[in-house]
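Me: I have a model with a ligand in it. I want each term justified before I use it. Can we go through them one by one?

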Amino acid sequence: MSLTTKAILITGASRGIGRATALLAGQRGWSVGVNYLNNEAMAAQTVQDVHTAGGRAVAIQGSVTSEQDIIEMFDVSEKSFGKLDGVVVNAGIVAPSMKLVDMSVERLENMLKVNVLGAMLCAREAAKRLIKNEGKDSSSIVFVSSAASRIGSPFEYIDYASSKGAVDTLSLGLSKELVEHNIRVNSVRPGIIATDIHASAGRPDRAQEVGSQMPMGRPGTADEVAEAIMWLLSDASSYTTGTNLDVAGGR
Ligand code: NAP
């Protein structure tokens, strides 16, 4: 693991995988832009915990569905830390389990708006800023996709799985566009991870229920995914770009 200190922005860092990544970054003395949507108290807690761990952090409210909010979250991060070395495009949503035939157009639009348009707008802004800051050290964009993109999630959420398929393709294409700028682009594909996202879709016990059927016999933790994200952000992964890293317990 490289000891280089970095400044990063993480979307959706108040809870779950984003928060776990912020805390690991804090332990390495990094500076972290902690974006959140609604949960101001948890974002403030994350900022405090990053400080306690030895890093610096700033909480930034904003939705990844708003171009203006995204520009502002990058502006605040750069103003706070000088320049950015990495961006984690993490914020994402699921919705209640059902078959595609039962999904409303409102649900489909919202899913694509947050998970695909949001990821694309964040990626575009990340590319602009990291190109502008181009230096001798490589910088890194990490997308948080999902193992759902290669499974399809039938009877649960084909809409979500498809949105993550789009994220995989976005990550691959962008890796080729940015390689000449010394910017690496990769995605992690978590499997079943114990976070609040399952409760947000009305199934608080899903991680335990489905996780116990995985080859490893358990759900993963947000910390286990954060370790993979940190590796892709760090200079330790200096020859890795355009890849999807599965963190899915053998699924
Ligand atoms: P989570 O615990 O539900 O946390 C979601 C985070 O995203 C929160 O910080 C939330 O902010 C933020 N957020 C939601 N909508 C947003 C928006 N429009 N703009 C900005 N921030 C927004 O989720 P998680 O389980 O950590 O998931 C993180 C990522 O991993 C997602 O992309 C998810 O698809 C992916 N993933 C998760 C799993 C899993 O099993 N958990 C598996 C595969 C992939 P507030 O706290 O303010 O609401």
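Reply: What follows takes the ligand, its contacts, the pockets and the cavity in turn. The model is predicted.

Me: What makes Ser14 one of the residues that surround the ligand?

Reply: A heavy atom within 4 Å is what counts. Ser14 is listed among the closest of the 30 residues that surround the ligand. Asn38, Asn90, Tyr160 and Thr195 are the others named as closest.

Me: Why is the pair between Arg15 and the ligand called a polar contact?

Reply: The cut-off is 3.5 Å between N or O atoms. A polar side-chain atom of Arg15 lies 2.7 Å from an oxygen atom of the ligand, so the pair qualifies.

Me: What makes the backbone pairs of Gly12 and Gly191 count?

Reply: The cut-off is again 3.5 Å. A polar backbone atom of Gly12 is 3.3 Å from a ligand oxygen, so that pair is within it. For Gly191, a polar backbone atom is 3.5 Å from an oxygen atom of the ligand, so that pair counts too.

Me: How much of the ligand does the protein bury?

Reply: Taken alone, the ligand exposes 910 Å². The protein buries 95% of that.

Me: How do you know that the ligand sits in the largest pocket?

Reply: More than half of its atoms must lie within 2 Å of the pocket's grid points. The ligand is assigned to the largest pocket, so it passes that test. Helix 1 (16-27), strand 2 (31-36), helix 6 (158-178) and helix 7 (197-200) each give two or more residues to the shell around the ligand.

Me: Why does the shell count three charged residues?

Reply: Asp, Glu, Lys and Arg count as charged. By that rule the shell has three charged residues, with 15 polar and twelve nonpolar.

Me: What is the volume of the largest pocket, and which residues are closest to its centre?

Reply: The volume is about 960 Å³. Of its 45 lining residues, Asn90, Ala91, Gly92, Ile93 and Ile197 are closest to the centre. The second largest pocket has about 160 Å³.

Me: Why is the space lined by Val89 and Lys164 called a cavity rather than a pocket?

Reply: In a cavity a 1.4 Å probe fits but cannot get out, whereas a pocket is open. The space lined by residues including Val89 and Lys164 is the largest cavity, so the probe is shut in there. About 40 Å³ of space lies in it. The count is one cavity of 30 Å³ or more. Helix 4 and helix 6 each supply at least two residues of the cavity lining.

Notes:
Residues numbered from 1 in each chain as written. Predicted model: local features only at pLDDT ≥ 70, side-chain atom pairs only at ≥ 80, totals over all residues. Heavy atoms only, no water. Polar contact = N/O pair within 3.5 Å; in protein donor to acceptor, adjacent residues only side chain to side chain. Areas by Shrake-Rupley, 256 points an atom, 1.4 Å probe, with all protein chains shown as cover. 1 Å grid on protein atoms, 1.4 Å probe; cavity = no way out; pocket = protein on both sides within 12 Å on 5 of 7 lines; lining within 4 Å. Helix = DSSP H or I, 4+ residues; strand = E, 2+ residues; numbered from the N terminus. Points joined across faces, edges and corners; volume = space filled by probe spheres on them.
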